[in-house]
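Thank you for making time for this at group meeting. I would like to walk through a structure that is new to most of you, so please have the sequence and the model open while I talk.

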Amino acid sequence: MQDTQVTISDFQGSVAAALAAVQHGFEEEHLEPRTGYSLDLALPSSRVAVEVDGPSHFLLPDGRGVRKPNGPTLLKRRLLTAAGWRVISVPFYEWNGFATASERHTYLQRLLG
């Protein structure tokens, strides 16, 4: 495995900041050794992964406007789940729908619940 430089998007930074206000202990870009994946945000002690899923993680919307995860995203989720992680997705189209920090905090609390 090669070292790669990780670029954290503004979207991921926004989710990380909101998550820090809701739950302490999450690490950014945690390397999961069994799969080799870098987790966007992880709480290793509880094996909870929060994946910040931008547009590149989804197929184009279908005729009903539904966005489905693409193959690489589904594979990552499946392998992380098999490795014992609870994977939570924060899709960009949901995150962008919140106008306030309070709405984002409530959303994250519900996902983590």
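Let me begin with a pair of charged side chains, E32 and R47, which meet in a salt bridge with 3.7 Å from N to O. E32 sits in the loop between β1 and β2, while R47 belongs to the loop between β2 and β3, so this pair ties together parts of the chain that are 15 residues apart in sequence. I should say at once that what you are looking at is a predicted model, and please keep that in mind throughout.

Are the two partners buried or exposed? E32 counts as buried, at 2% relative accessibility, whereas R47 is partly exposed, with a relative accessible area of 29%. There is something else to notice about R47, namely its backbone, where phi is near 55°, a positive value in a residue other than glycine. As a general background to that, most residues other than glycine have a negative phi. E29 also has a positive phi, of about 55°, although it is not a glycine, and this residue has its place in strand β1. With a relative accessible area of 21%, E29 is partly exposed.

How many salt bridges does a search of the whole structure find? The search gives 4 of them, and I will describe two more beyond the one we started with.

The next one joins K76 and E51, whose closest N and O atoms are 2.8 Å apart. This pair links distant parts of the chain, since K76 is in helix α2 and E51 in strand β3, 25 residues apart. Both K76 and E51 are buried.

In another salt bridge the side chains of D53 and R77 meet, at 2.9 Å from N to O. D53 lies in strand β3 and R77 in helix α2, so here too we have a pair that ties together parts of the chain, in this case 24 residues apart in sequence. D53 counts as buried, with 2% relative accessibility.

That brings us to the sheet. It is an open sheet of 4 strands, in the order β1-β2-β3-β4, and the pairing is mixed. Strands β1, residues 27-31, and β4 stand at the edges with a single partner strand each, so one side of each is left without a neighbour in the sheet. From one strand to the next, the twist averages 45°. Strands β2 and β3 run antiparallel and are joined by 3 bridges, and if you want to find one pair of bridge partners on your screen, look for A42 and A49, the latter in β3. Helix α1, residues 10-22, packs on this sheet and touches β1, β2, β3 and β4, with its direction making about 140° with that of β3.

Now to helix α2, which we have already met through its charged residues. It covers residues 71-82, and its 12 residues reach 16 Å from the first C-alpha to the last, close to the 16 Å expected at 1.5 Å a residue. Which residues of α2 are buried? They are T73, K76 and L80, and they cover an arc of only 65° around the axis, which puts them on the same side of α2. On the other side of α2 we find R78 and A82, which are exposed. The buried residues of α2 are covered by elements including β2 (38-43), β3 (48-53) and β4 (86-91). The helix α2 lies across β2, β3 and β4, and runs at about 150° to β4. Just after α2, G84 takes a positive phi of about 95°.

Finally, let us turn to helix α4, residues 101-112, which has 12 residues and reaches 16 Å from its first C-alpha to its last, close to the 16 Å expected at 1.5 Å a residue. Its buried residues are Y107, L108 and L112, and because these cover an arc of only 130° around the axis, they are on the same side of α4. The face of α4 that is turned away from this buried side carries the exposed residues S102 and R110. As for what covers the buried residues of α4, the list includes α1, β3, β4 and α3, the last of these being residues 92-95.

Key: Residues are numbered from 1 along each chain as its sequence is written. This is a predicted model: local features need pLDDT of at least 70, side-chain atom pairs count only at pLDDT 80 or more; totals for chains, interfaces and linings use all residues. Side-chain values use heavy atoms; hydrogens and water are left out. Helices (H or I, at least four residues) and strands (E, at least two) are DSSP runs, numbered from the N terminus. The expected span of a helix is 1.5 Å times one less than its number of residues. Buried means under 20% relative accessible area, exposed over 50%, partly exposed in between (1.4 Å probe, protein chains only). The arc is that of the directions from the helix axis to the C-beta atoms. Contact means heavy atoms within 4.5 Å. Two strands pair if DSSP finds at least two bridges between them. Axes are lines fitted to C-alpha atoms, for helices over the stretch in contact, and angles run from 0 to 180 degrees between N-to-C directions.
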